[in-house]
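Work through these exercises with the structure open beside you. Try each task before you read its solution.

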Amino acid sequence: MRGLLLCGKLGAPRLLAESQPPHMDTTAACAGDEDARLKALRHYGILDTSLDPAFDELAELARYICEAPIALVSFVDRERQWFKAERGMGRRETPIDQSVCRFAIQSRGVFVVPDLRQDARFASNPLVTQPHGVRFYAGAPLRTPDGFALGTVCVLDYQPRTLGQPQQDMLNVLAHQVMRLLELKLANDRQARMVLELDEARERMAVLAHTDVLTGLANRRSFTERLRQQLALLQRGGAPACLLMMDIDRFKQVNDVHGHHVGDDALRHFAATCREVFRASDVVSRWGGEEFLALLPATTLAEGQVVAQRLHAALAAAAVPDVAPPLYLSASMGLCSFDPARPLDLTLRGLDAALYAAKTQGRNRTVLV
Ligand SMILES: Nc1nc2c(ncn2[C@@H]2O[C@H](COP(=O)(O)OP(=O)(O)OP(=O)(O)O)[C@@H](O)[C@H]2O)c(=O)[nH]1
């Protein structure tokens, strides 16, 4: 066993020379393989995870089967070995230079050291030299389907001893079981990620279904739904509300003179101005091309007129960004109080008529229904 030190994946084993001194550090010679092995270890996302009874029970079984006081499910990291499960060790990790497992993962089968004190590789290991130090080690490599050894299921004893073949076989079986748990964890993690991605996609779709893509305002469909809800509230005696229909003046000219992309920028600018002017509780929608409809809950007609005036002023004060010469928008508007006794389509028709009147009276003004 001792002459059979292997590097990296066992799929393409490279045997080290039999004459190599047993204490020689093989990690430098296999730096590339070691990087790939560590990448494989990270892929399983097992390091520093919390205790898990499923792994604890496998360690307990190893201890029982091998009649050893210590059993570990150990992963060999770059600077340390970390224990997913430990029985009788009393700690979750040790520095890598105290690791016997780093040698065990280079072994094809179970790596057995009958007396650590008699082995030049481990004789000065603090785990061995300390008072009541360990003397015996046996570890079965945890090997991935593509051949990387991540760690071991191992047992240790305070006495020099051996491990019978049936017990070695069982240690290997336990190592396979640990790998099954790791594969299962991977599958579960993948599934959890997919569920999360699906939830996020569903949320994005729900937002998109309710939003006008160009302006980020509510779209006509979702706003109609909101209007129906508001109508129901009003019919049950809720606070008065107003509706404000807005249409950008001479918008065709914006497109014709500056191009369609500036037209789009102008629509976004109009939406941004609305967001500044309206209350957070108001809902503004893009009702059609350059036409917008706002619901102002808990707002009287007089208060609605103030809001409309604020919007006229805000549009006159700030030009569409990055357009030369400066491009200022104005809008014609129709305003009404939301009458619970009127069918919704009649209310909207009334608003349309008021808006048309605002246009014919010279634009850039608000007409009450
Ligand atoms: N750039 C851009 N233009 C749009 C969009 N939707 C509608 N339009 C344009 O908006 C213009 C509306 O023009 P009209 O209905 O003639 O009205 P107007 O030029 O604003 O004139 P008045 O309403 O009478 O002041 C049309 O040229 C449409 O092509 C859009 O999403 N982007």
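**Exercise 1.** Which residue in β9 is the bridge partner of Gly288?

Solution. The model is predicted. Start with the two strands: β8 covers residues 283-288, and β9 covers residues 291-296. They run antiparallel and are joined by five bridges. Now find Gly288: its partner in β9 is Glu291. Last, look at the connection. A hairpin of two residues leads from β8 to β9.

**Exercise 2.** Decide whether β8 is largely enclosed or not, and say why.

Solution. A residue is buried when its relative accessible area is under 20%. Apply this cut-off along β8: five of its six residues are buried. The strand is therefore largely enclosed by the rest of the structure.

**Exercise 3.** Give the order of the strands in the six-stranded open sheet, then find its edges.

Solution. The order is β3-β2-β1-β6-β5-β4, with antiparallel pairing. Read off the two ends: β3 (93-95) and β4 (111-113) stand at the edges. Each has a single partner strand, so one side of each lacks a neighbour in the sheet. Neighbouring strands are turned by 25° against each other on average, direction ignored.

Now take one pair inside this order. β1 (residues 70-76) pairs with β6 (residues 149-157) over six bridges, in the antiparallel sense. One of the partnerships links Leu72 to Cys154 in β6.

**Exercise 4.** Which strands does helix α5 touch?

Solution. Helix α5 spans residues 165-210 and packs on the sheet. It touches β1, β4, β5 (136-143) and β6. Its direction makes about 40° with that of β5. Add helix α2 (residues 53-66): this helix lies across β1, β2 (80-87) and β6. Helix α2 runs at about 80° to β2.

**Exercise 5.** Describe how α7 packs against α8.

Solution. Two values are needed: the angle between the axes and the distance between them. For α7 (residues 251-258) and α8 (residues 260-277), the angle is about 140° and the axes are 6 Å apart. That makes α7 oblique to α8. Next, list the contact. Phe251, Val254, Asn255 and His258 of α7 meet a set in α8 that includes His261, Val262 and Leu267. The contact residues divide into five nonpolar, five polar and no charged.

**Exercise 6.** Is Gln98 buried or exposed?

Solution. Locate Gln98 in the loop between β3 and α3 (101-104). Its relative accessibility is 14%, so Gln98 counts as buried. Then check its contacts, leaving aside neighbours within four places in sequence: Gln81, Arg91, Asn125, Pro126 and Leu127.

Notes: Residues are numbered from 1 along each chain as its sequence is written. This is a predicted model: local features need pLDDT of at least 70, side-chain atom pairs count only at pLDDT 80 or more; totals for chains, interfaces and linings use all residues. Side-chain values use heavy atoms; hydrogens and water are left out. Buried means under 20% relative accessible area, exposed over 50%, partly exposed in between (1.4 Å probe, protein chains only). Helices (H or I, at least four residues) and strands (E, at least two) are DSSP runs, numbered from the N terminus. Two strands pair if DSSP finds at least two bridges between them. Axes are lines fitted to C-alpha atoms, for helices over the stretch in contact, and angles run from 0 to 180 degrees between N-to-C directions. Contact means heavy atoms within 4.5 Å. Angles under 35 degrees count as roughly parallel, over 145 as roughly antiparallel, 65 to 115 as roughly perpendicular and the rest as oblique. Ala, Val, Leu, Ile, Met, Phe, Trp, Tyr, Cys and Pro count as nonpolar, Asp, Glu, Lys and Arg as charged, and the others, Gly among them, as polar.
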